[in-house]
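Subject: Structure handover

Hello,

Here is the structure I said I would pass on. Please open it first; my notes on what was found follow below.

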Amino acid sequence: MNGVDLHTHSNISDGSHSPEMLVRAAVEKGIHTLALTDHDSMDGLSLAEKTAAEFPIKIISGVEISSQWSRPSTKKTYGVHIIALNMQDPEPLQQVLRQQQKTRAARAIEICQLLQSCTGLDLYADVVAKVDGIADRITRTHIAQTLVEQGVVKRAQQAFDAYLKEGKKAYVKFEGIGLAETIDVIHASQGFAVLAHPTRYGLSATNIRYLVELFAQQGGDAVELPQRAEPAGTRQMIDRMVTLHQLKVSIGSDFHGDHMPWIHLGNVPQVKEGQVGIWESFV
Ligand code: AMP
Ligand code: MN
Ligand code: MN
Ligand code: MN
């Protein structure tokens with residue numbers, strides 16, 4: 001617990017807390033620097049800032065962007081999450097996010113169609129109700145929760161394992177913006193580009209190394225440190241890559257609220273000596 005949490009979700013995407021509740025919870029935890037990083041949306045920022053005005057906490061603008069990269073040798077394309085932080089001019093990024101949100105809405109329809117052919121159930125109306133009718137905000141978490149409520153599976157995790165994750169029947173790839181363009185548009189908005197949770201994409205160590213190198217070459221600013229619960233060897237691997245590519249580090253809990261109770265707001269990894277936190281660059 002060091003008072004900084006740069007990766008959190010509100011109910012603007014797949015978190016359970018409203019931006020106001022999130023800020024209040026962060027204050028109670030002693031967090032003084034909080035980034036709200038909803039999936040492909042910055043729509044919670046103004047509410048978070050409004051709430052924060054009453055408390056000793058600074059809100060950093062943020063968003064977790066569904067991006068993609070590929071390895072020329074294998075021609076395969078992989079999804080990756082890039083966190084944008086501390087934008088001074090949100091407009092260039094907002095334009096890209098509007099497109100990402102359209103992609104999200106269209107993908108949700110496709111996923112629900114595939115689910116209908118697997119389960120016989122038309123879930124779309126219930127899914128949209130979960131995001132107050134704003135289809136741009138639908139994530140696979142909302143679809144998984146709907147599958148639980150309809151009794152198709154017992155737990156959200158089972159919905160991913162049986163239907164929603166890559167390779168399963170209702171998986172639809174997110175056709176997001178490419179990695180280089182993501183980093184460029186974040187910089188156009190005068191923000192910092194952070195490679196989110198590099199060890200949580202199910203990539204081989206070789207591919208993680210390739211991704212971190214590509215991210216650094218394309219001008220990325222910082223890598224998110226693995227969570228405390230991840231193995232020491234995983235952390236050492238990332239520490240070595242951070243040093244090799246002279247990247248800064250970011251720390252965040254990836255808090256989602258009540259439906260992921262094992263993730264605690266403000267529970268972030270420790271920064272090693274010699275590592276430079278991206279938050280030290282915030283204006
Ligand atoms: P989306 O951006 O719509 O693809 O949804 C991604 C979100 O779904 C992530 O941010 C996680 O919160 C959740 N998620 C992704 N993969 C899994 C999984 N295998 N098990 C449980 N939750 C997952
Ligand atoms: Mn999520
Ligand atoms: Mn993520
Ligand atoms: Mn996240």
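**Metal sites and ligand 1**

Three residues coordinate the manganese ion (ligand 3): Glu64 through OE, His81 through ND1 and His197 through NE2, at 2.0 to 2.2 Å. Please keep in mind that this is a predicted model. Along the chain, the donors of this ion follow the spacing E-x16-H-x115-H. Two of them link distant parts of the chain: His81 belongs to strand β5 (residues 77-85), while His197 is in the loop between β7 (192-195) and α8 (205-217), and the two are 116 residues apart.

The manganese ion (ligand 2) is 5.8 Å from the manganese ion (ligand 3). Its protein donors are Asp14 (OD), His39 (NE2) and His256 (NE2), which lie 2.1 to 2.2 Å from the ion. The sequence spacing of these donor residues is D-x24-H-x216-H. Here too a pair of donors links distant parts of the chain, with Asp14 in the loop between β1 (4-5) and α1 (19-28) and His256 in the segment after β9 (248-250), 242 residues apart.

The manganese ion (ligand 4) has His7 (NE2), His9 (NE2), Glu64 (OE) and Asp254 (OD) as its protein donors, at 2.1 to 2.2 Å. Glu64 is thus listed for this ion and also for the manganese ion (ligand 3). The donors of the manganese ion (ligand 4) are spaced H-x1-H-x54-E-x189-D along the chain. Between the manganese ion (ligand 4) and the manganese ion (ligand 2) the separation is 4.6 Å. Within this site, His7 in the loop between β1 and α1 and Glu64 in strand β4 (residues 62-70) link distant parts of the chain, being 57 residues apart.

Next, ligand 1. Which residues surround ligand 1? They are Asp14, His39, Arg104, Arg107, Thr139, Arg140, Thr141, Gln157, Phe160, His256 and Met260. Among them, Asp14, His39 and His256 are also the protein donors of the manganese ion (ligand 2). By type, the shell around ligand 1 divides into 2 nonpolar, 5 polar and 4 charged residues. At least two shell residues come from each of the helices α3 (91-119), α5 (140-149) and α6 (156-164).

Oxygen atoms of ligand 1 lie close to side-chain N or O atoms of several residues: the distance is 2.9 Å for Arg104, 3.1 Å for Asp14 and 3.2 Å for Thr141. On its own, ligand 1 has 500 Å² of accessible area, and the protein covers 77% of it. Ligand 1 takes up the space of the largest pocket.

Regards

Notes
Residues numbered from 1 in each chain as written. Chains lettered and ligands numbered in written order. Predicted model: local features only at pLDDT ≥ 70, side-chain atom pairs only at ≥ 80, totals over all residues. Heavy atoms only, no water. Near = heavy atom within 4 Å. Polar contact = N/O pair within 3.5 Å; in protein donor to acceptor, adjacent residues only side chain to side chain. Areas by Shrake-Rupley, 256 points an atom, 1.4 Å probe, with all protein chains shown as cover. 1 Å grid on protein atoms, 1.4 Å probe; cavity = no way out; pocket = protein on both sides within 12 Å on 5 of 7 lines; lining within 4 Å. Sits in = over half its atoms within 2 Å of the grid points. Helix = DSSP H or I, 4+ residues; strand = E, 2+ residues; numbered from the N terminus. Nonpolar A, V, L, I, M, F, W, Y, C, P; charged D, E, K, R; others polar. Donors = N, O, S within 2.8 Å, 3.2 Å for Na, K, Ca; no water.
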